[in-house]
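This report describes the fold of one protein chain, then its salt bridges and its nonpolar core. Please look at the structure below before reading on.

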Amino acid sequence: MNHDSYSDAAIRSILKRVRRIAMVGASENPAKPSFLVFKYLVERGYDVIPVNPGRVGTEMLGRPFLPNLAAIEGPVDMVDIFRNSEAALPIVKEALALEPKPQVIWMQLTVRNDEAAALAEAAGIEVIMNRCPKIEFGRLSGEISWQGVNSRILSAKRPALSTKGFQKLTLDRKT
């Protein structure tokens, strides 16, 4: 797979399909990007599980930190890696040991590990690298334009508002 470019359809499909996300490297520090992504995804209806062995015994937005992926009860749809590129391979190996295996391995902005991606893809897992699910959700739903950012999507159709909550758009935007 070409990991330098992903189609909007592929990203949208992943974000619509996954519901339970393990965020490895999550931080409860509100100044850290992982906190902002965690909060955003929770507000969009995802079940996000914070994984950080250094934070066990504390909580993030009312959710307890877990030490590793193996400590998660039940299946996980996506593993979101908020660590450096070198840490991605051991995390992917840990994800491959889960039963059932996650559908998606998502490596955050600046995180790219081709060896880890090849290993995951050989096991039938989709891989996204060097992208942020918060940014992609915002871009594909149209929310990102609220901050004046070009979403790279041209459409005369208004994006659909979420049926719950306030001022949230959905991924059901038809271009």
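A residue counts as buried when its relative accessible area is under 20%, as exposed when that area is over 50%, and as partly exposed in between. Arg55, with a relative accessible area of 30%, is therefore partly exposed. The model discussed here is predicted.

**Overall layout**

The protein contains five helices and seven strands. Read from the N terminus, its elements follow the order α-β-α-β-β-β-β-α-β-α-β-α. The protein has 175 residues, and 46% of them count as buried. About 8,900 Å² of the protein is exposed, and 53% of this area is supplied by carbon and sulfur atoms. Take the contacts between residues at least 6 apart in sequence: 61% of these join residues at least 24 apart.

**Salt bridges**

How many salt bridges does a search of the whole structure find? The search finds twelve. The table lists some of them, with the distance between N and O atoms.

| Acidic residue | Basic residue | N to O distance |
|---|---|---|
| Asp8 | Arg139 | 2.8 Å |
| Asp47 | Arg20 | 3.0 Å |
| Glu28 | Arg55 | 2.4 Å |

In the salt bridge between Asp8 and Arg139, the closest N and O atoms are 2.8 Å apart. Asp8 belongs to helix α1 (residues 8-17) and Arg139 to helix α5 (residues 133-141), so this pair ties together parts that are 131 residues apart in sequence. Are the two partners buried or exposed, or partly exposed? Asp8 is partly exposed, at a relative accessible area of 26%, whereas Arg139 is buried, at 4%.

Asp47 and Arg20 meet through their side chains in a salt bridge of 3.0 Å, N to O. This pair links distant parts of the chain, with Asp47 in strand β2 (residues 47-51) and Arg20 in strand β1 (residues 20-24), 27 residues apart. Asp47 has a relative accessible area of 33% and is partly exposed.

The salt bridge between Arg55 and Glu28 has its closest N and O atoms 2.4 Å apart. Here the partners sit in loops: Arg55 in the one between β2 and β3 (59-60), and Glu28 in the one between β1 and α2 (33-43). The two residues are 27 residues apart, and the pair links distant parts of the chain. Glu28 counts as partly exposed, with 25% relative accessibility. Some salt bridges share partners, and in this way Asp8, Arg131, Glu136 and Arg139 are joined into one network.

**The nonpolar core**

The largest nonpolar core has 53 residues. Within this core, the residues with the most contacts are Tyr46, Leu69, Val79, Ile105 and Met107. Which helix gives the largest share of this core? Helix α3 (residues 85-96) does, with seven residues.

Leu69 shows what such contacts look like. Apart from its neighbours within four places in sequence, Leu69 is in contact with Ala22, Val24, Val51, Val79, Ile91, Glu94, Ala95 and Leu98.

**Helix α2**

In α2, the residues Ser34, Phe35, Val37, Phe38, Tyr40 and Leu41 are buried. What do the buried residues of α2 pack against? Their partners are β1, β2, β3, β4 (63-64), β5 (78-81) and α5. Just after α2 comes Gly45, which takes a positive phi of about 95°.

Key
Residues numbered from 1 in each chain as written. Predicted model: local features only at pLDDT ≥ 70, side-chain atom pairs only at ≥ 80, totals over all residues. Heavy atoms only, no water. Salt bridge = Lys/Arg side-chain N within 4 Å of Asp/Glu carboxyl O. Helix = DSSP H or I, 4+ residues; strand = E, 2+ residues; numbered from the N terminus. Buried < 20%, exposed > 50% of the residue type's maximum accessible area, 1.4 Å probe, protein only. Core = buried A, V, L, I, M, F, W, Y, C linked by side-chain atoms within 4.5 Å. Contact = heavy atoms within 4.5 Å. Areas by Shrake-Rupley, 256 points an atom, 1.4 Å probe, with all protein chains shown as cover.
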